[in-house]
Amino acid sequence: MQCGADPSNGPVPPLRLTSKKKGAIKQAITTSSLPPRAPTHLAPPRTTTTGASTSAATNHALVEDSPPRYLAAVLSRGAAAAAAARSSAVGRRWASSGGASGVAFDHSAFTNDFLAQVTDVTEATDPAQSSQILRRLIKSDVLKFMDMQDAPEKFFLAHRLLSTVGLGGFGIRFTVQFNLFAGSIVGLGGPEQVARLEEIQRKGQLGCFLLTEMQAGVLSGLIVETTADWDSSTQEFVLHTPDDKAAKNWISQGYTAELGVVIADLRVDGVSHGPHAFIMNLRNGEGGELLPGIRIDDMGTKTVANDLDNARVWFDQVRLPKDALLNKFADIKDDKYVQTTDEKMRIEVIGQRLLTGRMAIAEAALLSARVLTMKTEEYAKTKVCNGINGETTLASMPQLASVFEESYQQLDDQIAFTAGVEERLNECLRTGSIPDADLVDAISVCKVRAIDVAIQRSHALRQEVGSYALMHHTGFELMDMFLCCKFAEGDSRILQMKLMRDRLKQVKKDGAGKALLDAIMPGEDRAENMAALSLARKLAPAGRDLEKMAALMDEHWREIYDLADMVSDRHQRDGKRSSFVEPIVNRFWPSSSSYDEDWKEKLSPRAEGWKASDDEAEPLVDKMVKRGVVGGGERKRAVVRAAESGCAIKNLRVESPICCENPAVFSFSVQVALEAGVGLIVYPPRYLSNIIVYLRKRKGPLERPLRVGELRALEKSIRNP
């Protein structure tokens, strides 16, 4: 099993032991065998309280095991002190936290304002529509780019609100924009670069985050082969993709964005200084042409979240200005690479947005799974079934009732733990400090465990509700989004290996004597301490030989993940519990099942109102009329061409919503239908009558498309004049 390069770790450090210590450790391990320990995060907690749940019961058999007799005399004096130190450390950690100390804001008002901006998210089924909604949200200023630093609670709340509507592709688009793109500028940019965010927000510009590469995906950690060479003769960086394996891969919002933050290996005079972040233009404005040297391919149709574009990106000697380097921590001065602060540029610094992203994803998955459970329970309470003694409801079936009970227990316990970790992270965001190692690990635990629980509980629920789980608009159609959560911002396996490596580093730091003491003394962490010491001993022969290390890790892969589970158990057992500021509400909005495969055409500036010639329009219109169907992409444009060229249209049907972002398509498709007296079918059907009434009242053409929110308001005014 190849470790790859984790965002904050290199190869596992070898544990240096003398032959005498090795013998003692080996005997301690063999004479104090412990039963295998299963992860506790999928078991129901013992009790549940408001806003938080207690952790699973401790394995008392492990706690009560006594150390080998021959070591009792040596360890008796240090045992109580070591246990007390561990206990007091946990107590000090949370006694000093003082609970949440977030920035005060009107949660209810923010919730209403934010949700009002995303009412049509579920109807935007392709990237062209979805990206326009995000541009509108950005320009609304409901959530500011700087809120990640100034009001992080608001930043995380926005992610959770989206997940209660439906865990779709827009949620990823949203977090890419506000967390990975803008958040990287907030965290890594100098004052002038951060100030640029105000203009980006005012214009509603989209950005992406270009980190992952083709041969350095979610299962191989952070490896960056894209290069950025400093050219002193022109005072520019030269950004380059050396080969296909270094192409940026699965870049969310990469096709629709005109801006990007790209991570590349910064090299000055041929010397590599490691991954650094650069801000750059990808396109010549919204929907514009790609800039020279940039190639972008769409990744294609997915099983879910096709409202989100994912791209593969190559750079061919692309020139970037000197101020493209995000320079809060490092810069180029007098053609030399320099650190600009006492905080050295390292992966913990550049990866800050991965930490906030992991928190946002963990919270979104948990709330999405809980909303799915709530929505399914509502259905089950009304679904009548035949029981032995007459009619009953599906919800009263004992197997399903048990699933509901266990799901709420496990989800709520995980939510309480995650909320507590978020409070710690919010303090770092407000102060601009780098999270310590314990918090970094706790965030990893949040993401790994949250996704595990969300997937397990949703799958258990799906197995008990029959054909209901097959239906669109139930929420089960979004189950594949949990897989996206599993590998986004650090795959679960990579994060587990990081937890293991951090634990083995602690063994090395503490030294063999303390590691042995911790491993054989009674206590809640004894199983973890023993497993860490045992694994360190098994990996130690590799030293710094990476080939040997890879072979040993392949051999002991189960023990690696078992140790990671034990570390996770400890964090969840000792971690602070809290609750989110808002109640969890089922706001699930059914999403449209239509998809415009020609969505890329709608990104072109030419689609905003170009004129077609008669010889160009008539053949296309005739072709569409013969099919009897007009709707989406080329077919919609045929309506525009027909109207502009005066072609007669008969038996026309428009199958997809006409309340789109293209003014020409919108106005002509409606007005041609009215003037030609042809049939026009629109989904949802109620929109057609509303639009016709609106047009007749106006007695003139539309100047722009009506948005879904406007159509809904129009519908209310028609019903209640």
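**A three-stranded sheet and the surroundings of Asp 335**

In the predicted model, three strands form an open sheet in the order S6-S10-S9, and their pairing is antiparallel. The edges of this sheet are occupied by strand S6 (248-252) and strand S9 (294-298), each of which has a single partner strand, so that one side of each is left without a neighbour in the sheet. From one strand to the next, the twist averages 35°. The pairing between S6 and strand S10 (residues 310-315) runs in the antiparallel sense and comprises three bridges; with regard to individual positions, Lys 248 stands opposite Val 313 in S10.

A second site considered here is Asp 335, which lies in the loop that connects strand S12 (330-333) with strand S13 (336-339). The relative accessibility of Asp 335 is 28%, and this residue therefore counts as partly exposed, given that the partly exposed class lies between the limits of 20% and 50%. When neighbours within four places in sequence are left aside, the residues in contact with Asp 335 are Trp 230, Ser 232, Gln 235, Val 268 and Asp 269. Among these residues is Gln 235, whose side chain is joined to the side chain of Asp 335 by a polar contact of 2.9 Å. The two residues, Asp 335 and Gln 235, are separated by 100 residues in sequence, while the distance between their C-alpha atoms is 8.1 Å.

Technical notes: Residues numbered from 1 in each chain as written. Predicted model: local features only at pLDDT ≥ 70, side-chain atom pairs only at ≥ 80, totals over all residues. Heavy atoms only, no water. Helix = DSSP H or I, 4+ residues; strand = E, 2+ residues; numbered from the N terminus. Buried < 20%, exposed > 50% of the residue type's maximum accessible area, 1.4 Å probe, protein only. Contact = heavy atoms within 4.5 Å. Polar contact = N/O pair within 3.5 Å; in protein donor to acceptor, adjacent residues only side chain to side chain. Pairing = 2+ DSSP bridges. Axes fitted to C-alpha atoms, helices over the stretch in contact; angles between N-to-C directions.
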